[in-house]
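The following paragraphs lead the reader through a protein structure, beginning with one pair of side chains and widening from there to helix packing and the chain as a whole.

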Amino acid sequence: MKSLATQQPTVVLDLNRKRRKYTPDVLVSWRSDVEWPFGVQTVAFEVKPFQILQAEHSELAPKFRAARQVLKGMGIGFRVITDRSIETPRLANALRMNEARSYRPREEWYNAASAKFRWREEPFELAELTSVLASEGVRPFEAEGFIWHWIARGFIQCDLTRPIIGSTKCIWWMMRTLQSTRPHEKGAGD
């Protein structure tokens, strides 16, 4: 991202032959992966709760169409986003991982989980990991902290675009590497 600004730029819109000022909520600029011929891309975002967007659609739609047209003339894209597009499982998972990064699970918990899953070639469910931890005397809230910490650190890999629940399929971080290791070599590096 090159820049981020809130409440910029203010533009003048022609709505039903009346001039109105309009300022989008956020203006974001970033460099494209393919700089030439695209260079820097800039998009103005209007953020509205979905319910308000639905309830006030007839009033908001002409304003947004006019804003899109004016901003396009300035070389700026325009998008309306709602709480539905912001509040996604991926965001919720990212917040949980961020909170769990500083969590410090006990080494014996890691060792118990690693002993169970590190040679496993097929995915496992998080509920199974929770059971392994419970057999080590780990309380449920501690197990949850452990799981989120190891997801955040990449030791447990799962689909972060979906809600993380007990039936979530995961793989242990070494599984892909170990799948290519020949069986007689598995004990060599322990």
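Arg 120 and Glu 128 join their side chains in a salt bridge, with 2.7 Å from N to O; the term denotes a side-chain nitrogen of Lys or Arg within 4 Å of a carboxyl oxygen of Asp or Glu. The model is predicted, so that local features need pLDDT of at least 70 and side-chain atom pairs count only at pLDDT 80 or more, whereas totals for chains, interfaces and linings use all residues. Residues are numbered from 1 along each chain as its sequence is written, and side-chain values use heavy atoms, with hydrogens and water left out.

Arg 120 counts as buried because its relative accessibility is 19%, the class being defined as under 20% relative accessible area, with exposed over 50% and partly exposed in between (1.4 Å probe, protein chains only). Its partner Glu 128 is partly exposed, at 26%. The pair belongs to a network of salt bridges that links Lys 116, Arg 120, Glu 122 and Glu 128. In total, the structure holds seven salt bridges.

Two members of this network also take part in helix packing. Lys 116 of helix H6 and Glu 128 of helix H7 are among the residues that form the contact between these helices, contact meaning heavy atoms within 4.5 Å. Helices here are DSSP runs of H or I with at least four residues, and strands are runs of E with at least two, each numbered from the N terminus. H6 spans residues 107–117 and H7 residues 126–135; their axes lie 9 Å apart and make an angle of about 130 degrees. The axes are lines fitted to C-alpha atoms, for helices over the stretch in contact, and the angles run from 0 to 180 degrees between N-to-C directions. H6 is therefore oblique to H7, since angles under 35 degrees count as roughly parallel, over 145 as roughly antiparallel, 65 to 115 as roughly perpendicular and the rest as oblique. On the H6 side the contact is made by Trp 109, Ala 112, Ala 113, Lys 116 and Phe 117, and on the H7 side by Glu 128, Leu 129, Val 132 and Leu 133. This contact comprises seven nonpolar, no polar and two charged residues, where Ala, Val, Leu, Ile, Met, Phe, Trp, Tyr, Cys and Pro count as nonpolar, Asp, Glu, Lys and Arg as charged, and the others, Gly among them, as polar.

H6 also packs against helix H8 (residues 140–152), at an angle of about 70 degrees and with the axes 12 Å apart. That angle makes H6 roughly perpendicular to H8. Trp 109, Tyr 110 and Ala 113 of H6 meet Glu 142, Phe 146 and Trp 150 of H8, giving five nonpolar, no polar and one charged residue. Glu 142 is buried, at 15% relative accessible area, and forms a salt bridge with Arg 139 (2.9 Å, N to O). Arg 139 is partly exposed, at 46%.

A further salt bridge joins Lys 169 and Glu 125 (3.6 Å, N to O). Because Lys 169 lies in strand S9 (residues 169–172) and Glu 125 in strand S7 (residues 124–125), the pair ties together parts 44 residues apart in sequence. Glu 125 is partly exposed, with a relative accessible area of 30%.

Over the whole protein there are nine helices and nine strands, and buried residues make up 35% of the 190 residues.
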